[in-house]
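Here is a short briefing to read alongside the model. Keep the viewer open as you go through the points, and turn the structure whenever a residue comes up.

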Amino acid sequence: MLGFLGRRRLKKLRSSSGETLLMHIGDTPESVYPFIRKLIDEFKPEAIVHTGDLVDNVKLERKPEMLPIYRAGLRKLARILKHSGSILYIVPGNEDDHETVREFFGDTVVEPGTVVEMEGVKLALGHTWEDVAGVEADFRLYGHNFRAIPKGLNAVPGVNFLFLPSGRIVRIDYPAGTDIDRGYKLRRGL
């Protein structure tokens, strides 16, 4: 959804629904951290789920020697998320150093496939669609690639805002250039 239309709809629902708001993010390069902070400040979600690859411009799986750069990026994101006042659920991804994620986020770190319940709604949390595809839940939150699954909310295309218990969803696209910052190759064709 276009950013300004999604924001307008989200603002209207936020002011009129009285529901719990969950913000779902994933695969976040450092370039989107100011955008995330702005959304948190504007909409004040009660809960935030990050489904992994917290510093997605650093590919630790392929370049583990970049851990110091990853730590610096993770410190920035941790500051934003921990100061949000929101309940946090952090699922480490394949590009994350799990030990470092636990160091920065402590008990808010959950394993892929974890199910949490909020406002009577069951949410399966994972990094990939495979982590949650077979899990019984009302919504399956994940990221990692662009795959869509039944009852799935994928954080790669944009930030998902989920109103609970109604299940209304508003997605706000990440800023232009996010996929480039993630290191995704652009497909070009006729």
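The notes below go from the whole chain to its cores, then to one helix, the salt bridges and two single residues.

This is a predicted model. The chain holds six helices and nine strands, and 50% of its 190 residues count as buried.

**Overall form**

- The C-alpha trace spans about 50 × 45 × 35 Å along its principal axes.
- A compact globule of 190 residues would have a radius of gyration near 16 Å, and the chain agrees with this because its own value is 16 Å.
- Looking at contacts between residues at least 6 apart in sequence, 59% join residues at least 24 apart.
- The accessible surface of the chain is about 9400 Å², and carbon and sulfur atoms account for 53% of that.

**The nonpolar cores**

- The largest nonpolar core is made of 36 residues, and those with the most contacts inside it are Met-23, Leu-81, Phe-105 and Phe-161.
- Helices and strands both feed this core: H1 (3–17), H2 (33–43), H3 and H4 on the helix side, and S1 (20–25), S3, S8 (158–164) and S9 (169–173) on the strand side, each give two or more residues to it.
- Another core lies apart from the largest one; it has 16 residues, including Ala-47, Val-49, Leu-125 and Leu-162.
- Leu-81 is a good place to centre the view: leaving aside neighbours within four places in sequence, Leu-81 is in contact with Ile-25, Ile-36, Ile-40, Ile-48, Leu-88, Ile-90 and Phe-105.

**Helix H4, inside and out**

- Which residues of helix H4 are buried? In this helix, which runs over residues 98–105, they are Thr-100, Val-101, Phe-104 and Phe-105.
- Viewed down the axis of H4, the buried residues fall within an arc of 115°, so they line one face of the helix.
- What do the buried residues of H4 pack against? Their partners are helix H3 (67–82) and strand S3 (87–90).
- Phe-105 also belongs to the group with the most contacts inside the largest core, and Leu-81 is in contact with Phe-105.
- Turned away from the buried side of H4 is a face that carries the exposed residues Glu-99 and Glu-103.
- Just after H4 comes Gly-106, which takes a positive phi of about 55°.

**Salt bridges**

- The count of salt bridges comes to ten, and three of the pairs are described here.
- Arg-71 and Glu-103 meet through their side chains in a salt bridge, at 2.7 Å from N to O. Arg-71 lies in helix H3 and Glu-103 in helix H4, so this pair ties together parts that are 32 residues apart in sequence.
- Within that pair, Arg-71 is partly exposed, with a relative accessible area of 23%, while Glu-103 counts as exposed at 51% relative accessibility.
- Glu-42 forms a salt bridge with Lys-11, with 3.3 Å between the closest N and O atoms. Because Glu-42 lies in helix H2 and Lys-11 in helix H1, the pair ties together parts that are 31 residues apart in sequence.
- Glu-42 is partly exposed, with a relative accessible area of 31%, and Lys-11 is partly exposed as well, at 47%.
- The side chains of Asp-173 and Arg-171 also meet in a salt bridge, at 2.9 Å from N to O. Asp-173 counts as partly exposed at 28% relative accessibility, and Arg-171 counts as partly exposed at 31%.

**Two single residues to visit**

- Is Ser-86 buried or exposed? Ser-86 counts as buried, because its relative accessibility is 12% and the cut-off for buried is under 20%.
- Ser-86 sits in the loop between H3 and S3. Leaving aside neighbours within four places in sequence, Ser-86 is in contact with Pro-45, Glu-46, Ala-47 and Ile-48.
- Gly-183 is found in the segment after helix H6 (178–182). With a relative accessibility of 56%, Gly-183 counts as exposed.
- The C-alpha atom of Gly-183 is separated by 26 Å from that of Ala-133, and these two residues are 50 residues apart along the chain.

Methods. Residues are numbered from 1 along each chain as its sequence is written. This is a predicted model: local features need pLDDT of at least 70, side-chain atom pairs count only at pLDDT 80 or more; totals for chains, interfaces and linings use all residues. Side-chain values use heavy atoms; hydrogens and water are left out. Buried means under 20% relative accessible area, exposed over 50%, partly exposed in between (1.4 Å probe, protein chains only). Helices (H or I, at least four residues) and strands (E, at least two) are DSSP runs, numbered from the N terminus. The arc is that of the directions from the helix axis to the C-beta atoms. Contact means heavy atoms within 4.5 Å. A nonpolar core is a set of buried Ala, Val, Leu, Ile, Met, Phe, Trp, Tyr and Cys residues joined through side-chain atoms within 4.5 Å. The radius of gyration is taken over C-alpha atoms; the globule rule is 2.2 Å times the number of residues to the power 0.38. Accessible areas come from the Shrake-Rupley method with a 1.4 Å probe; for residues, only the protein chains shown count as cover. A salt bridge is a side-chain nitrogen of Lys or Arg within 4 Å of a carboxyl oxygen of Asp or Glu.
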